[in-house]
Amino acid sequence: MEMPKPSDADKERFRSLVPDHPGVSVKPMFGNLGAFVNGNMFAGLFGPTIGVKLSGKDREVLESTERTVPFGPVERPMGGYTGLPEMWNEEGDGDDARARAWVEKAFGYVATLPPKEPKAGALKAGKA
């Protein structure tokens with residue numbers, strides 16, 4: 001499975017699109033980045049591609065009106081995530097505004113989900 005690495009510019013752009021909210025954290029994931037709220041990922045970076053987790057209705061709107069791409073490895077895209085159009089990476093501020101709006105929608109949706117419970121192994125390791 002190929003794991004593309006984002007450039008420093010890709011990482012900087014991703015961070016600039018993530019909402020500046022106290023509950024949001026950006027963490028490295030397999031050489032890429034993920035944006036989380038309540039322990040749940042709402043946006044991710046895979047190489048230069050930004051993926052978002054949206055409600056079913058919002059995902060349908062985005063995928064039916066834009067040239068979205070699968071998010072994650074070609075062999076095994078991440079279910080529930082939609083990759084934002086790759087052309088938005090090159091078209092400038094107008095597309096950053098569009099990308100930011102979809103990342104905000106993803107944040108709003110995922111923030112309503114129950115917090116992710118820590119894995120049992122993580123709890124045991126923390127008690128030692």
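Two strands are counted as paired if DSSP finds at least two bridges between them. In this predicted model, β2 and β3 meet that criterion, because they share five bridges in the antiparallel sense. Residues G34 and G44 are bridge partners across this pair. Strand β2 covers residues 32–37, and β3 covers residues 40–46.

The overall layout is as follows. The protein has four helices and five strands. Along the sequence they follow the pattern α-β-β-β-β-α-β-α-α. Of the 128 residues, 36% are buried. Contacts across long stretches of sequence were also counted. Among contacts with a separation of 6 or more, 56% join residues 24 or more positions apart.

The antiparallel pairing extends to both sides of β2 and β3. Strand β1, residues 24–29, pairs with β2 over six bridges, in the antiparallel sense. Here V24 has V37 of β2 as its bridge partner. On the other side, β3 pairs with β4, residues 49–53, over four bridges, again antiparallel. In this pair F46 is bridged to T49 of β4. Strand β3 is mostly covered, with seven of its seven residues buried. In a regular strand, side chains alternate between the two faces of the sheet.

Hairpins link these strands. The β1 and β2 hairpin has two residues between its strands, and F30 in the turn has a positive phi of about 55°. F30 is a residue other than glycine. It lies in the loop between β1 and β2. F30 counts as exposed because its relative accessible area is 64%, over the 50% cut-off. The hairpin of β2 and β3 also has two residues between the strands, and there N38 takes a positive phi near 55°. N38, too, is a residue other than glycine. N38 is partly exposed, with a relative accessible area of 38%. In the hairpin of β3 and β4, two residues again separate the strands, and G47 takes a positive phi near 65°.

The loop holding N38, between β2 and β3, is approached by a residue from far along the chain. P115 sits in the loop between α3 and α4, the latter spanning residues 120–127. P115 and N38 are 77 residues apart along the chain, yet their C-alpha atoms are separated by 4.8 Å. Beyond its neighbours within four places in sequence, P115 is in contact with N38 and N40. P115 is nevertheless exposed, with a relative accessible area of 52%.

The interior was examined next. The largest nonpolar core has 22 residues, of which F14, F42, V52 and L84 touch the most other members. At least two residues each come from α1 (8–17), β2, β3, β4 and α3 (93–110). Helix α3 gives the most, with six residues. A second, separate core has five residues, including F36, M41, F71 and Y81. Within the largest core, V52 is one of the residues that touch the most other members. Leaving out residues up to four places away in sequence, V52 touches F42, A43, L62, G80, Y81, T82, L84, W102, V103 and A106.

Pockets were then considered. The largest pocket has a volume of about 340 Å³. It is lined by 17 residues, and M3, F30, F46, P73 and M78 lie nearest its centre. Strands β2 and β3 are the elements that give two or more residues to this lining. The largest share, four residues, comes from β3. By class, the lining of the largest pocket has 12 nonpolar, four polar and one charged residues.

The second largest pocket contains about 240 Å³ of space. Its lining has 13 residues, with P4, F46, G72, P73 and V74 closest to the centre. This lining divides into eight nonpolar, two polar and three charged residues. F46 is listed for the centre of the largest pocket and for that of the second largest. P73 likewise appears in the list for the largest pocket and in the list for the second largest.

Definitions and conventions:
Residues are numbered from 1 along each chain as its sequence is written. This is a predicted model: local features need pLDDT of at least 70, side-chain atom pairs count only at pLDDT 80 or more; totals for chains, interfaces and linings use all residues. Side-chain values use heavy atoms; hydrogens and water are left out. On a 1 Å grid over the protein atoms alone, a cavity is a set of points where a 1.4 Å probe fits but cannot get out, and a pocket is an open set with protein on both sides within 12 Å along at least five of seven lines; lining residues have an atom within 4 Å of a point. Grid points are joined across faces, edges and corners, and a volume is the space filled by probe spheres set on the points. Ala, Val, Leu, Ile, Met, Phe, Trp, Tyr, Cys and Pro count as nonpolar, Asp, Glu, Lys and Arg as charged, and the others, Gly among them, as polar. Buried means under 20% relative accessible area, exposed over 50%, partly exposed in between (1.4 Å probe, protein chains only). A nonpolar core is a set of buried Ala, Val, Leu, Ile, Met, Phe, Trp, Tyr and Cys residues joined through side-chain atoms within 4.5 Å. Contact means heavy atoms within 4.5 Å.
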